[in-house]
Amino acid sequence: MTSATEEARFQAHIDAEGKIEPKDWMPEAYRKSLVRQISQHAHSEYVGMLPESNWLRRAPTLRRKAALMAKIQDEAGHGLYLYSAAETLGTSRDEMYRDLLSGKAKYSSIFNYPTLTWADIGAVGWLVDGAAITNQVPLCRCSYGPYARAMVRVCKEESFHQRQGFQIMLGMAHGSPQQKAMAQDALNRWWWPSIAMFGPPDGESKHSAQSMAWKIKRHSNDELRQRFIDMTIPQADFLGLRIPDDDLKFNEETGHYDIGPIDWDDFWAVVNGEGQCNTDRLAARQKAHDEGAWVREAATAYAAKRAARKAAERIAAE
Ligand code: FAQ
């Protein structure tokens with residue numbers, strides 16, 4: 001079969017909502033784009049543990065601490081499912097992780113902002129996980145089977161995370177005047193980075209058109225951003241907090257909220273390594289990787305020993 005015929009069959013399968021599995025034929029560009037997106041997603045989950053773990057030992061109550069600990073552990077689990085899904089495409093986890101530590105691979109811009117107060121933990125859960133769910137629910141229908149299946153569980157857990165964050169915000173917004181001010185301050189700082197997190201505007205998104213044709217992405221960056229804005233503004237009203245945007249207004253004609261301009265220069269500066277926390281985040285991941293070397297060595301040695309024992313048992317039984 002020529003590669004043009006293979007490609008036509010591949011696209012027809014996707015158009016008919018078929019799933020692509022690891023051993024199926026796929027264009028190299030499809031494989032490469034998936035490794036790029038899934039590994040960036042996995043890196044985001046790993047780096048995303050850091051802003052939250054900053055508050056783990058200072059959580060205000062044991063209950064809050066237990067919930068936050070469970071959430072952070074979930075993010076580690078998400079990273080594992082995602083690295084495993086990406087490995088089915090032929091790139092090893094070691095290779096992907098090396099690219100993160102060297103700064104070659106991207107991870108989400110949002111995790112380069114600092115968590116300054118406990119209210120930030122509420123804002124991260126409410127806004128960042130809220131944005132993550134909006135972006136990730138359509139990924140459960142991604143054309144690549146292992147990614148789509150991993151996302152089902154990830155989304156269920158993200159939905160618990162979003163509620164955990166909203167509940168913190170609710171407690172603070174209805175608490176003392178100082179607590180309400182902290183909640184408003186957290187919203188002021190996390191709103192715009194959460195909006196930008198959906199990626200560049202449609203006209204500037206270099207991968208969207210192809211990713212949508214391949215049904216990796218189901219919606220454009222701007223469509224998902226708008227969906228998140230429309231969903232979140234009534235939640236801010238319920239909290240009695242103000243969205244920090246003087247241009248924000250409901251557009252009766254479109255049925256959507258219009259927002260002011262997004263600071264794309266800030267977004268690209270953060271993506272390109274100049275955010276407040278980029279250096280710290282990578283240093284923390286590098287330190288954890290170095291300190292975990294003995295665990296990886298022990299696990300590899302155990303696996304090798306177990307395989308040798310099994311082989312010896314097989315030979316003895318023959
Ligand atoms: N940050 O052409 P597009 C979470 C890059 S997980 C950094 O539009 P695409 C859970 C993009 O990679 C959050 N870079 O790209 C959690 C590309 O660069 P490249 C992560 C960004 O792939 C919560 C270039 O810009 N979620 O939050 C960003 O079609 C709380 C051009 O962009 C995912 O990864 C950004 N925000 O669309 C954990 C979801 N946006 O690769 C802990 C899966 C864009 O050419 C606590 N990923 N770029 O070098 C996706 O849906 C897509 O990859 C997008 C980007 C939407 C992120």
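Which element gives the largest share of the lining of the largest pocket? The element is α6, which supplies 7 residues of that lining. The model is a predicted one, in which local features need pLDDT of at least 70 and side-chain atom pairs count only at pLDDT 80 or more, while totals for chains, interfaces and linings use all residues. Residues are numbered from 1 along each chain as its sequence is written, and side-chain values use heavy atoms, with hydrogens and water left out.

**The largest pocket**

- The largest pocket has a volume of about 1,100 Å³, where a pocket is an open set of points on a 1 Å grid over the protein atoms alone, at which a 1.4 Å probe fits, with protein on both sides within 12 Å along at least five of seven lines.
- Of the 44 residues that line this pocket, those closest to its centre are Q40, S108, M197, F198 and G199; a lining residue has an atom within 4 Å of a point.
- At least two lining residues each come from α2, α4, α6, α7, α10 (221-239) and α11, these helices being DSSP runs of H or I with at least four residues, numbered from the N terminus.
- The lining divides into 17 nonpolar, 14 polar and 13 charged residues, where Ala, Val, Leu, Ile, Met, Phe, Trp, Tyr, Cys and Pro count as nonpolar, Asp, Glu, Lys and Arg as charged, and the others, Gly among them, as polar.

**The ligand and its shell**

- The ligand sits in the largest pocket, a statement that requires more than half of its atoms to lie within 2 Å of the grid points of the pocket.
- There are 36 residues around the ligand, and Q40, K106, S205, H207 and K217 come nearest; a residue belongs to this group if one of its heavy atoms lies within 4 Å of the ligand.
- By class, this shell holds 12 nonpolar, 14 polar and 10 charged residues, and its largest share, 6 residues, comes from α2.
- Among the polar contacts (pairs of N or O atoms within 3.5 Å), an oxygen atom of the ligand is 2.8 Å from a side-chain N or O atom of Q40, and an oxygen atom of the ligand is 2.6 Å from such an atom of K217.
- A polar side-chain atom of N221 also lies 2.8 Å from an oxygen atom of the ligand.

**The second largest pocket**

- The second largest pocket has a volume of about 380 Å³, and of its 16 lining residues the closest to its centre are K32, V35, R36, S39 and D99.
- The largest share of this lining, 9 residues, comes from α2, and the lining has 3 nonpolar, 6 polar and 7 charged residues.

Notes. Polar contact = N/O pair within 3.5 Å; in protein donor to acceptor, adjacent residues only side chain to side chain. Points joined across faces, edges and corners; volume = space filled by probe spheres on them.
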